[in-house]
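Please open the model in your viewer and set it to a cartoon view before reading on. The stops below are meant to be followed in order, with a selection to make at each one.

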Amino acid sequence: MLEDHTAGRSPFLLTCDHYGRIIPRALGDLGLPTSEFERHIAWDVGIAGVANALSKLLDAHLIAQRYSRLVIDCNRPPGAPSSIPRLSEATAIPGNEDLTRDAAAARRGAIFEPYHRRIDEVIGRRLRDNIPTVLVALHSFTPVYGGVARPWHIGTLYHRDTRLPPLLLEYLRAEGDLVVGDNEPYAVSEDSDYTIPVHGEKRGLMNSGIEIRQDLIADPAGQQQWAERLARIFGEIETALRAQGLLPG
Ligand SMILES: [Zn+2]
């Protein structure tokens, strides 16, 4: 796990479930060639740089998972087939075949649970201290999946919150030069997601995910550019939320 700007003054609490691609030493390489760990199946390419810079620019608390989603996916309900995937896109993961119940539980206890416990604690503390909190889950998506090219530059990712996602869509579209996905390329559900349903919806927080296309944030220059753009947009959204009385003025 990685945390930054833990005393950040921003109402935005940033999470990044697929920030890193570390594999615990005991699991070796999961039976995969090194090249697979460069790909989106192992992590959200480019998002770490965006998350770090955005956390700094907004002075926003960031909680990020440094272990690879191939070990256990921190945005999947434990027990779901995609939690410890045996297949990701078209790649079979030999190290995830025939896992015993104990082996799966060990991954959950070592990686999944401490990460979500920490997010839960931070939200709990903020609520107790009356610190306004808006959950933003940061992700990136592969430009081509299963041979199909995706047109969006950025997408919002939401389910039940009716406050933040419409504003986010409005401000992203107002940029004028972006193809913005409305719950594209993914939508949130309780079966396919964990962070937004559990930490956002069950806590009653305003929340949304963001998905940025990976070719746009492949290098540090792109990551910085997108972080600056998003910091400006989130600043505008914060002002709008205050004007609407959804954040204290
Ligand atoms: Zn992701």
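The tour begins with the whole chain and then turns to one pair of helices.

Start with everything selected, bearing in mind that this is a predicted model. Colour by secondary structure, and the protein shows five helices and 11 strands. Its radius of gyration is 18 Å, close to the 18 Å that the globule rule gives for 249 residues, so the protein is as compact as a globular protein of that length. If you turn the view along the principal axes, the C-alpha atoms fill a box of roughly 55 × 40 × 30 Å.

Staying with the whole protein, switch to a surface or a burial colouring, where buried residues account for 53% of the 249 residues. Should you draw the contacts between residues at least 6 apart in sequence, 81% of them join residues at least 24 apart.

Next, select residues 47-58, which form helix α1, together with residues 220-243, which form helix α5. The two helices pack at an angle of about 40°, with their axes 8 Å apart, and α1 and α5 are therefore oblique to each other. Look at how they cross, and you will find that α1 passes α5 in a right-handed crossing.

Finally, show side chains where the helices meet: α1 contributes Gly-49, Val-50, Ala-53, Leu-54, Leu-57 and Leu-58, while α5 contributes Gln-223, Gln-224, Ala-227, Glu-228, Leu-230, Ala-231 and Phe-234. Coloured by residue character, the residues of this contact of α1 with α5 divide into nine nonpolar, three polar and one charged.

Notes:
Residues numbered from 1 in each chain as written. Predicted model: local features only at pLDDT ≥ 70, side-chain atom pairs only at ≥ 80, totals over all residues. Heavy atoms only, no water. Axes fitted to C-alpha atoms, helices over the stretch in contact; angles between N-to-C directions. Helix = DSSP H or I, 4+ residues; strand = E, 2+ residues; numbered from the N terminus. Parallel < 35°, antiparallel > 145°, perpendicular 65-115°, else oblique. Left-handed = near helix turned anticlockwise from the far one by under 90°. Contact = heavy atoms within 4.5 Å. Nonpolar A, V, L, I, M, F, W, Y, C, P; charged D, E, K, R; others polar. Rg over C-alpha atoms; globule rule 2.2 N^0.38 Å. Buried < 20%, exposed > 50% of the residue type's maximum accessible area, 1.4 Å probe, protein only.
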